[in-house]
Amino acid sequence: MSKEKLVVIGNGMAGIRTLEELFKLTTEQYEITVIGAEPHPNYNRIMLSPVLAGEKQLEDIILNDRDWYEENGINLLTGDPVVKIDRARQQLTTEKDEVLEYDRLLLATGSNPFIIPVPGHDKEGVIGFRDIADVETMLAAASNYKKAVVIGGGLLGLEAANGLIKKGMDVTVVHLLDTLMERQLDKPAANLLKATLEEQGMKFMMEAQTAEILGDERVNGIRFADGSEIETDLVVMAVGIRPNIALAQESGIHCENGIVVNDTMQSYDPKIYSVGECVQHRNICYGLVAPLWEQAKVAANHLANIGIGRYEGSVTSTKLKVTGIDLFSAGEFHEQEGDETLVLRDPAMGVYKKLVVRDNQIKGAVMYGDTLDGTWYFQLLRDGTDISAFRNTILFGQHDLGDAGHGDETRIAALSNDAEICGCNGVCKGDIVDSIVKKGLFTLDDVRAHTKASSSCGSCTGLVESILASTVGEGYSATPSKKPMCGCTEHSHDEVIGAIRQQKLKSMDAVRDFLEWKTPDGCAACRPALNYYLLANWPEEYQDDAQSRFINERAHGNIQKDGTYSVVPRMFGGLCTANDLRAIADVSDKYNVPEMKVTGGQRIDLFGIKKEDLPAMWKDLSEAGFVSGHAYGKAMRTVKTCAGKTWCRFGTQNSTGLGVKLEELTWGSWMPHKFKLAVSGCPRNCAEATIKDFGVVCVDSGYELHIGGNGGIKVRVTDLLCKVDTEEEVLEYCGAFIQKYREEAHYLERTAPWVERVGLQTIKDVLLDDAEMRKSLYDRFKLSQQYAQIDPWKARAEGEQGHEFKNIQISAA
Amino acid sequence: MSNWTPIITLEEIPQLGSRVITTDTMNVAVFRTAKDEVFALRDACPHKGGPLSQGIVHGTSVTCPLHNWKIDLASGEALGPDEGCANVFPTKVEDGMVFLGLNDQSADVA
Ligand code: SRM
Ligand SMILES: Cc1cc2nc3c(=O)[nH]c(=O)nc-3n(C[C@H](O)[C@H](O)[C@H](O)COP(=O)(O)OP(=O)(O)OC[C@H]3O[C@@H](n4cnc5c(N)ncnc54)[C@H](O)[C@@H]3O)c2cc1C
Ligand code: SF4
Ligand code: FES
């Protein structure tokens with residue numbers, strides 16, 4: 001039997017995907033020809049953005065190389081567009097005058113970037129962002145010119161602008177409206193996005209309407225409707241796409257905005273099918289790949305004469321592929337009258353989430369900063385799930401609140417098997433888990449190859465890795481999942497710490513230079529972290545930077561809601577004398593302290609102090625023998641003790657005395673986060689040593705050492721490190737443990753999550769099994785303490801950083 | 001009309017830091033960036049009145065110490081998802097001396 005002839009016009013993502021789907025059903029039915037206007041085999045158009053940004057190479061994004069076409073017996077014509085279809089004869093003609101016959105035809109011509117028809121739009125240096133040729137033009141421009149303007153602040157425009165910035169160009173994004181990505185984002189999320197992009201060096205001209213492109217042959221500027229002008233050497237128009245329907249229209253196929261197709265992807269000519277961005281289905285033209293994959297499946301099904309699939313339209317979700325930006329949007333995110341909105345904002349973490357709810361069902365979601373639960377919301381949205389049972393916690397995500405440290409993995413484990421993980425390829429969690437188990441997969445690349453999950457835009461990579469990790473457990477070799485420290489850099493905390501040590505970087509500028517920070521002086525998140533890392537690594541040399549410390553640490557007191565400060569003098573081990581208390585009482589009288597309180601850390605807090613009064617008050621306290629209690633710092637806080645052997649009828653050791661020694665050893669030390677100690681005199685544990693960062697429980701035969709405890713937000717009981725015999729050993733183990741934490745933990749990571757991240761065993765390996773290592777950690781700690789145990793209050797009472805505490809008085813005009 | 005009042009020398013404001021000016025009616029925070037630009041805002045965050053002078057200065061913005069709103073020093077506007085605006089006062093630096101422009105209008109909004 002001679003085969004039928006199938007011709008595919010358009011060698012792009014939708015067309016070739018249809019063939020892949022077809023081959024799953026039949027390889028025998030057709031003799032296939034693919035004709036593409038571009039000179040390349042089918043590549044992943046989505047990945048043009050990372051190619052432009054230099055994160056991927058062109059060869060990485062080829063989806064089907066020429067061997068693939070050959071192996072599947074496909075006759076491939078590239079660089080030769082079809083110019084005419086003669087439907088009566090079932091013939092078509094290419095630009096190079098090849099004439100081919102077909103029995104069935106698949107139109108997959110994609111779309112064209114819309115070029116605003118203003119005067120000058122056809123000058124050299126004015127392009128769209130659609131194909132490899134455009135990317136090559138941009139890369140060439142970036143090496144020869146300085147300035148670029150991207151017209152259009154949507155998904156494509158921002159990705160283009162991001163790439164051009166990465167290539168060293170000075171980029172301005174011109175947008176007609178006052179909100180970026182207005183089709184995907186509401187105003188608050190768009191503002192967050194804009195602020196982050198601005199920090200990365202992107203410039204914006206909002207509400208600006210392009211009137212004319214200036215220049216002779218090549219563009220050299222743009223004039224706007226209001227008459228203003230801007231210089232530029234390159235203009236990228238990313239204002240939208242138009243389905244590429246010229247060929248279909250000329251051959252008399254019914255088109256409106258796109259080629260009109262029915263639910264089986266057939267055009268009005270039943271021999272001609274169409275898929276991809278060129279089609280209009282139930283009045284919608286799509287511009288993302290996920291719907292195209294569904295269309296491809298249905299078209300293949302009908303081409304294979306199985307004829308049961310129907311395409312019924314898609315709900316789409318969007319992510320932006322700019323490294324360091326987490327953004328998710330789906331459904332109707334602008335509320336209509338009668339809708340409810342649930343909003344979570346955490347400006348400190350840069351997180352914004354909004355859900356639009358109608359009749360207890362999610363209708364839309366916008367997320368910025370933390371998008372892990374986007375998949376879950378998207379599933380609830382598409383399933384129309386009634387959320388009333390959990391709506392009060394829905395914004396916190398799906399994870400189980402009872403577990404510390406395993407956040408992402410637990411959240412993934414909680415997802416049901418039909419939760420969609422890869423939106424681009426429609427791959428559900430169950431498909432991925434099945435492939436991992438049945439085919440014995442261990443790496444991300446394996447999973448990509450077998451399931452296609454994470455192989456298109458890559459934004460679900462983190463989810464897929466988590467599924468791998470939770471499915472294969474220990475056997476999974478993680479490609480180190482890289483979470484940038486903040487929007488100013490692409491480097492993770494570990495990379496920054498590593499660079500500081502290996503490259504001997506000793507100033508913040510040196511770190512930012514070496515690691516190519518995107519902002520000149522960092523932000524409120526990375527500056528305190530860098531300051532800490534430098535201090536911890538170079539205690540002898542690094543000059544602390546007060547302006548990179550949060551106000552509490554700069555002013556050495558806790559800022560309070562009315563702008564006053566609190567003062568907590570240190571009481572070593574919670575012990576005090578009548579004289580101490582008298583001195584505190586006197587100070588309290590002298591400065592009219594409005595309230596005093598005994599803290600949970602066994603000392604006294606004086607509230608409501610005016611900033612200007614702090615140095616004088618500290619001077620008085622200092623003269624009475626007090627030093628700062630560091631109740632305000634990412635620092636060693638207190639050592640809580642119980643009554644102990646001296647008085648208590650159960651006490652086994654001198655817990656107060658040991659507490660004082662520990663506090664004398666450790667006070668003043670800067671830490672990645674706050675650090676608390678306690679010593680209890682017997683296992684009744686009155687000092688609550690088993691929820692401290694370092695706790696000692698005295699027993700008859702010695703001292704049990706406990707680490708990694710936490711009261712506070714999420715209680716974690718300590719792990720037992722070991723038992724030792726003498727106080728000297730307690731001090732050495734304590735100092736060594738602290739130093740390991742100081743050197744290795746990420747800034748703002750308390751010991752509890754740190755111990756869970758690195759594992760108790762790695763800590764034991766060093767502290768217990770390697771006496772030399774323990775000793776050298778302890779020595780390093782003591783060395784750094786030489787520079788840290790200088791009472792900051794005394795120093796300021798004597799005039800250090802005086803400007804911090806003095807206001808300037810003037811009379812207002 | 002602006003009424004230029006000499007306040008303080010540039011040197012006396014720490015780079016990436018601020019000083020507080022107390023007037024009869026309010027506090028004004030005067031900021032100095034890494035590039036020695038000088039900005040002045042009313043020392044009250046549009047969110048809950050937090051003292052902006054006490055925040056971390058980066059680029060040309062300051063992060064409020066109370067709840068981390070980020071405020072643009074030039075316009076006084078909250079950046080990011082939050083909306084609000086702190087009053088801005090004109091400043092100029094001449095021969096190392098910082099001048100603050102307190103005008104009738106700013107007295108009104110105060
Ligand atoms: C003063 C004090 C309450 C009291 O009157 O007892 C206190 C006051 C504050 N605590 Fe606390 N905590 C105090 C003991 C505790 C304790 C109890 C303890 O240490 O035994 C805990 C639980 C134990 C723990 O940390 O594991 C505790 C867990 C927290 C947490 C949650 C920490 C966590 O890891 O989950 C925070 C928030 C944070 O650090 O981010 C916090 C934060 C704060 C801050 C600093 C809030 C802030 O960032 O401004 C409060 C400052 C108030 C102020 O205006 O001065 N405070 N805080 C206690 C001071 C102890 C001291 O002498 O230094
Ligand atoms: C930079 C960029 C980033 C993107 N990012 C994302 C993303 O993150 N997520 C997402 O879901 N989508 C994204 N998209 C959209 C996605 O790439 C498209 O939806 C998808 O490629 C459309 O597939 P298609 O087959 O319909 O069209 P195309 O992939 O464009 O294929 C059409 C092909 O047909 C050829 N052709 C046209 N006319 C003729 C003719 N007469 N004869 C022969 N050949 C012809 C064209 O040259 C083209 O090669 C992005 C697009 C771009 C450009
Ligand atoms: S726990 Fe033991 S040592 Fe502590 S007070 Fe109670 S009995 Fe005394
Ligand atoms: S008062 Fe400034 S952020 Fe709340």
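## Around ligand 1

Let's start with a charged side chain: one of the polar side-chain atoms of A:R603 sits 2.6 Å from an oxygen atom of ligand 1. That is a polar contact (a pair of N or O atoms within 3.5 Å). This is a predicted model, where local features need pLDDT of at least 70, side-chain atom pairs count only at pLDDT 80 or more, and totals for chains, interfaces and linings use all residues. Residues are numbered from 1 along each chain as its sequence is written, chains are lettered from A and ligands numbered from 1 in the order written, and side-chain values use heavy atoms, leaving out hydrogens and water.

Two lysines reach ligand oxygens too: A:K597 with a polar side-chain atom at 2.8 Å, and A:K692 with one at 3.5 Å.

## Who makes up the shell

There are 22 residues around ligand 1, and A:Q560, A:G600, A:R603, A:K674 and A:G711 come nearest. Being near takes a heavy atom within 4 Å. The shell splits into three nonpolar, 11 polar and eight charged residues. Here Ala, Val, Leu, Ile, Met, Phe, Trp, Tyr, Cys and Pro count as nonpolar, Asp, Glu, Lys and Arg as charged, and the others, Gly among them, as polar.

## A pair of helices

In chain A, helix 18 (residues 578–590) and helix 19 (residues 614–623) have axes that come within 10 Å and cross at roughly 160 degrees. So helix 18 of chain A is roughly antiparallel to helix 19 of chain A (the label for angles over 145 degrees). Axes are lines fitted to C-alpha atoms, for helices over the stretch in contact, with angles from 0 to 180 degrees between N-to-C directions. Helices are DSSP runs (H or I, at least four residues), numbered from the N terminus.

Key:
Helix = DSSP H or I, 4+ residues; strand = E, 2+ residues; numbered from the N terminus. Parallel < 35°, antiparallel > 145°, perpendicular 65-115°, else oblique. Polar contact = N/O pair within 3.5 Å; in protein donor to acceptor, adjacent residues only side chain to side chain.
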